[in-house]
Amino acid sequence: YCGKLVSMMSLKRSHLCFSIPEGNECIKAIAKSCGECIQVGAKCGWCMDPGFLKQGEATSTRCDELESLRKRGCSSTKVENPQGSQWILKNKAVTNRIKGAENLRAEDITQIQPQKLTLSLRLGEPQSFNLKFKRAEDYPIDLYYLMDLSYSMKDDLENVKNLGTQLMLEMSKITSDFRIGFGSFVEKKLLNPCTGDQNCTSPFSYKNLLTLTSNGQEFNTLVGQQQIDGNLDSPEGGFDAIMQVAVCGEHIGWRNVTRLLVFSTDAGFHFAGDGKLGGIVLPNDGKCHLENNMYTMSHYYDHPSIAHLVQKLSDNNIQTIFAVTEEFQPVYMELKNLIPKSAVGILSANSSNVINLIIDAYNSLSSEVILENSKLPEGVTIMYQSRCKNGVTGEGEMGRKCSDISIGDDVSFTIRITAKQCPKMGKPETIKIKPLGFNEEVEITLNFICECDCHKDGIENSDICHNGNGTYECGACRCNEGRIGRQCECSTNEVTIEDLDKSCRKDRGTDICSNNGDCVCGTCECKKRENPEERYSGMFCECDNFNCDRSNNKLCGGHGHCECRWCICDANWTGSACDCSLDTTTCLASNKQICNGRGTCECGTCKCTNPKFQGPSCEICPTCPGVCTEHKECVQCRAFGTGEKKDTCERDCSYFNLIKVKDRDKLPQPGQAFPLMHCKERDANDCWFYYTYAVNKKSEKEVHVSALRALTSSPLWAGVVAGIVLIVLALLLIWKLLMIIHDRREFAKFEKEKMNAKWDTVREWR
């Protein structure tokens, strides 16, 4: 958004341009009036309360989402939020008609309901209504047989000569009110191409030979008088004939009943552009040009395009049956895909199967209903949802149609219409919806809600708008041309940029509008934020309601609101982030004393004055005498499965968290964040076990226990050990004595042997 409110740069100066991110479309629109606001979307409302705006807020901030307006203090009675509506003007029930019952005129039979309604559309808010369709029994049928009379259809003409009475007989099984007509075509008029003894006439584009009649014999007689005609190329000029049959309703005799056109040929077709081959360049005008039942402008207008044919067949509710030879079936199948409510049947070589082909094609066409709508006004969209037989539903393009419908079946459609913009002329628009191939339709008048109701009560040249320089409407001024400002107090020709800057700065050293807004007519208009609950405010946009301290990731701890970057706390809360509770009930101990008389309650939590005590109410003393004995049995049963409480251990001893360590050296040592007690106790097996007891910062009791136990020093064991020691010492003394005796004997023996050896040496010398 960059200087959008005022076009003259002399009246507005902003330090920079800024963008509003995706999000709240009501805020992004910067609507200057109630009418502009409600056109943004169905979620947007306009606050009419004259005192709604705070200092620094622009008029456009009156436009916001409904919930945001409520939170900002705008009463629901002061919010302009018009809603769309609908009125059904004609709702005649569908006809329950049985064949053979009383005769009804075609115009008295109703197959679609409702017939006429009015919708008031709020932009972005869809309006939905249900449409019902019921296929009536014994519904009148008009069938026009359009035949290719080129020379290749000679044998087919013979079989069609009796078609009238035979077809009347078969169709009487379907309806008691049936009429048939006949026409023929060949090609745009050239010289007679027939040669020699060929009995044929020169080509023609189209002849209406028999207006629709209930006399089948007349059809037979007239067809029997026809002759085949010549042509120079294979494609025929059938599109010219189809166009004239569709638009020349008075000549053909079409009634407002089921209209069938049987197109019979054994060749392809010319279409728009082919006329250039004969020097014809003017496009087909889609109008009736029959004189004496002959198309007279074939030499003047080109063949129609396929799209042009589709439009005219649809406009005149004509369903087409292409009866073609097998050779050209693929071509006409492609054509069928382009023409809604059309069918293709394979014609035998001599057209002998034409009656069965027509009956089958009619049954196929009449068993399907396809809705279409007229051209929509700009900015209007329409969506369909079908509910067909056997619970089958469809949406999107499939929501337009239902298939396999039998006589008397009910199907329904939900139609949703949405407006995205208001019409340029501001007038109502009319659209029509109808089932293809049927003469009935639903007429819908669209009214667009593009202005607020309060607009009607506007006061032109109101004194509120600075001496009559604007219209006071919907709680705000809509300024006259050349005036701006919240009360239209500024003229585009009376002020300078320097004057504006002075009034938009808090002091010389600050930015214009604190860098949070734009200077408009000497007044700061603060920026809008994506979040509708976040706002800048103040004379210089120096305040906001979203930059206060937070606690637990909540603004003002969720216990206050932010005003000009300071938390205003709710009752019983204090602190810069309103995160300190003044309620002392959470500090009450079981004896109804605050913190057991051993501390003070600060922000709803006990602060123990004696460091020996811990816990939510200063009730725990982990280092006091008796702690080890108190927990001995529970530690023993949980760590080693022994002791007096081993059978009730789970029930009585689950009040602490137990952590086993490998040996005594792994136990926690003093000096950590919370006090702990080292304990040494004797178990049931008269062994020492070691553990620590503490209460952590979460007030949870923790016990660390050594898995390795040690023997105790009892008198019994001491006697045993002493006895063993004495025995060992006695054995050692006996062993020592024996060793001494043994050594002395061995030494005496050695001395004796030594003396003997000496005497032996002396004797030898002598």
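How many residues lie between β22 and β23 in the hairpin that they form, and which residue in the turn has a positive phi? Before the answer, some ground rules are needed: this is a predicted model, in which local features need pLDDT of at least 70 and side-chain atom pairs count only at pLDDT 80 or more, while totals for chains, interfaces and linings use all residues. Residues are numbered from 1 along each chain as its sequence is written, and side-chain values use heavy atoms, with hydrogens and water left out.

The chain holds 15 helices and 44 strands, where helices (H or I, at least four residues) and strands (E, at least two) are DSSP runs numbered from the N terminus. Of its 766 residues, 46% count as buried; buried means under 20% relative accessible area, exposed means over 50%, and partly exposed lies in between, with a 1.4 Å probe and protein chains only. The chain exposes about 40500 Å², of which carbon and sulfur atoms supply 51%, the areas coming from the Shrake-Rupley method with a 1.4 Å probe, and for residues only the protein chains shown count as cover. Among contacts (heavy atoms within 4.5 Å) between residues at least 6 apart in sequence, 61% join residues at least 24 apart.

The opening question can now be taken up: six residues lie between β22 and β23 in their hairpin, and Gly 437 in the turn has a positive phi of about 85 degrees. Strand β22, residues 429-435, runs antiparallel to β23 and is joined to it by five bridges, with Ile 433 standing opposite Val 442 in β23; two strands are said to pair if DSSP finds at least two bridges between them. Strand β23 itself covers residues 442-449 and is mostly covered, six of its eight residues being buried. With β7, strand β23 pairs in the parallel sense over seven bridges, and Leu 117 has Ile 444 in β23 as its bridge partner.

Just before β7 there is a feature of the backbone to look at. Pro 114 lies in the loop between β6 (112-113) and β7 (116-122), and the peptide bond that leads to Pro 114 from Gln 113 is cis, with omega near 0 degrees. Most peptide bonds are trans, and most residues other than glycine have a negative phi. Two further residues depart from the second of these patterns. Cys 595, which is not a glycine, has a positive phi of about 55 degrees, and Asn 596 has a positive phi near 60 degrees. Cys 595 lies in the loop between β37 (580-581) and β38 (599-602), where Asn 596 is also found. Cys 595 counts as buried because its relative accessibility is 0%, and Asn 596 is buried because its relative accessible area is 18%.

From these loops the reader may turn to helix α5, residues 163-171, in which Leu 163, Gly 164, Leu 167, Met 168 and Met 171 are buried. Seen down the axis of α5, these buried residues fall within an arc of 125 degrees, so they line one face of the helix; the arc is that of the directions from the helix axis to the C-beta atoms. The buried residues of α5 pack against β9 (141-148), α4 (154-160), β10 (178-185), α6 (216-224) and α11 (354-366).

Leu 167 of this helix also belongs to the largest nonpolar core, which has 37 residues and in which Leu 143, Tyr 145, Leu 167 and Phe 219 have the most contacts. Helix α11 supplies the largest share of this core, eight residues. A nonpolar core is a set of buried Ala, Val, Leu, Ile, Met, Phe, Trp, Tyr and Cys residues joined through side-chain atoms within 4.5 Å. Leaving aside neighbours within four places in sequence, Leu 167 is in contact with Leu 143, Phe 178, Ile 180, Ile 355 and Ile 358. Apart from this core lies another, of 30 residues, among them Leu 371, Phe 413, Ala 419 and Cys 450.

A last stop is Gln 636, which is found in helix α13, residues 627-640, and is buried because its relative accessible area is 2%. Not counting residues up to four places away in sequence, Gln 636 touches Gly 641, Thr 642, Gly 643, Asp 683, Ala 684 and Phe 689.
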